[in-house]
Structure formats: C-alpha cells, structure tokens
Amino acid sequence: MKINNLEELFLYELRDTYDAEKQLVKALPKMAKAASSDELRQAFENHLQETERQVERLEAVFDELGQKAKSETCEAMEGLVKEGKNMVDAKGDPSARDAGLIAAAQKVEHYEIASYGCLVTWAQQLGKTAVAEMLRQTLNEEKAADRKLNELAESRLNQQAQTAR
C-alpha cells in the first residue's frame, strides 16, 4: 500500500470503513439471536437496520466522490467481530453473556466513532462539505448506539450479570 496524500488516505479509510460496516451487517443478527435480554436483542436489531442504511450512505458518499463503492479489508473489524462471536458462542449464564455482548458491541462502536471522526475531519479538510455531512450523520448514529448500549449495561444488565450464579 502506498498513500501519497490526504485524498488517497481518505479513500483508503473510506473503503476500510465500508468493509467494516458490511461485516457488521453479517454479525449483528448473530448477536441479536444470542442476546437473552429482549431490550438488548431489540437494540441489536435496530442497529442492524441503521447499519444497513449506513452502508447505503457510504455508497452515496462514493457516488458523490465519483468513485466506485469498493471495500478494503478491515482487519480491525475482523478482530472485533471475532471477539463478538466468542461472546455469542459463550456458555454459562445468559445475563453474563449479555454483558459480554454489550462490551463487544461497544468496542465496535468506539472503533466506528474513531473511524468516522477521522473521515469527517478529512472530508472537511478536503473541502468535501456534502460528504462530511453524510459521514457526520453516521458518526452521530454511532455515538447514539454507544450511549444506548451503555444505558442498557448500567441500568440493569451488568447488575444481572453480577448476581448471576
């Protein structure tokens, strides 16, 4: 790989993020199915729908840039998805697994927040205002998803995991 300027870096990271979102579209249904909490399952299902829209938004970003929507393998997301799968496959108390699923999902959200934060900043720097706004919408959605997961964990799911036997 050779990156010569911010524009090339931006496109590379955009392709990486596109791949990350597509990986999540495959992983989220498994996480939803593994959740024992109805609220957590619903949060994963809602975020799946949102992630599908985010994939479409990234395709619109590529279109706005006059680029073909293509992926660059996101190795970081591969690792995060693998950690999530470990929680999906975990045996034992369901409430403890739910707490682990939340942790795995929040790791993903934090990665996405970092990725979209960089993309928004770079799009602005490159004078791509419309693209920056599309990416900022996704950044805000990722932050909201993280807050929702944190709320679920702190409101009761972590407590249930603590008292599990």
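1. Gln 54 touches Glu 21, His 47, Thr 138, Glu 141 and Glu 142, leaving aside residues up to four places away in sequence; contact here means heavy atoms within 4.5 Å. Gln 54 belongs to helix H2, where helices (H or I, at least four residues) and strands (E, at least two) are DSSP runs numbered from the N terminus. With a relative accessible area of 0%, Gln 54 is buried; the classes are buried (under 20% relative accessible area), exposed (over 50%) and partly exposed (in between), with a 1.4 Å probe and protein chains only. Between Gln 54 and Glu 142 the C-alpha to C-alpha distance is 9.9 Å, and the two are 88 residues apart in sequence.

2. The basis of these values should be stated. This is a predicted model, in which local features need pLDDT of at least 70 and side-chain atom pairs count only at pLDDT 80 or more, whereas totals for chains, interfaces and linings use all residues. Residues are numbered from 1 along each chain as its sequence is written, and side-chain values use heavy atoms, with hydrogens and water left out.

3. On the overall architecture, the chain contains five helices and zero strands, in the order α-α-α-α-α from the N terminus on. Its C-alpha atoms fill a box of roughly 55 × 25 × 20 Å along the principal axes. The radius of gyration is 17 Å, which agrees with the value near 15 Å for a compact globule of 165 residues; this radius is taken over C-alpha atoms, and the globule rule is 2.2 Å times the number of residues to the power 0.38.

4. On packing and surface, buried residues make up 44% of the 165 residues. Of the contacts with a separation of 6 or more, 79% are between residues 24 or more positions apart. The chain exposes about 8,800 Å², of which carbon and sulfur atoms supply 47%; accessible areas come from the Shrake-Rupley method with a 1.4 Å probe, and for residues only the protein chains shown count as cover.

5. On charge, the mean positions of the 23 positive and 30 negative charges lie 4 Å apart. Lys and Arg count as positive and Asp and Glu as negative, while His and the chain ends are not counted; each charge is placed at NZ of Lys, CZ of Arg, CG of Asp or CD of Glu. The count of salt bridges is seven, a salt bridge being a side-chain nitrogen of Lys or Arg within 4 Å of a carboxyl oxygen of Asp or Glu.

6. Lys 128 and Glu 7 form one salt bridge, at 3.4 Å from N to O. This pair links distant parts of the chain, 121 residues apart: Lys 128 is in the loop between helix H4 (94-125) and helix H5 (129-163), and Glu 7 is in helix H1 (residues 6-34). Glu 7 is partly exposed, at 33% relative accessibility.

7. Arg 156 and Glu 39 form another salt bridge, at 3.3 Å from N to O. Here too distant parts of the chain are linked, with Arg 156 in helix H5 and Glu 39 in helix H2 (residues 38-64), 117 residues apart. Arg 156 is partly exposed at 30% relative accessibility, and Glu 39 is partly exposed with a relative accessible area of 39%.

8. Within helix H5, Arg 136 and Glu 133 lie three residues apart, about one turn of the helix. Their side chains form a salt bridge, with the closest N and O atoms 3.4 Å apart. Arg 136 counts as partly exposed at 26% relative accessibility, as does Glu 133 at 43%.
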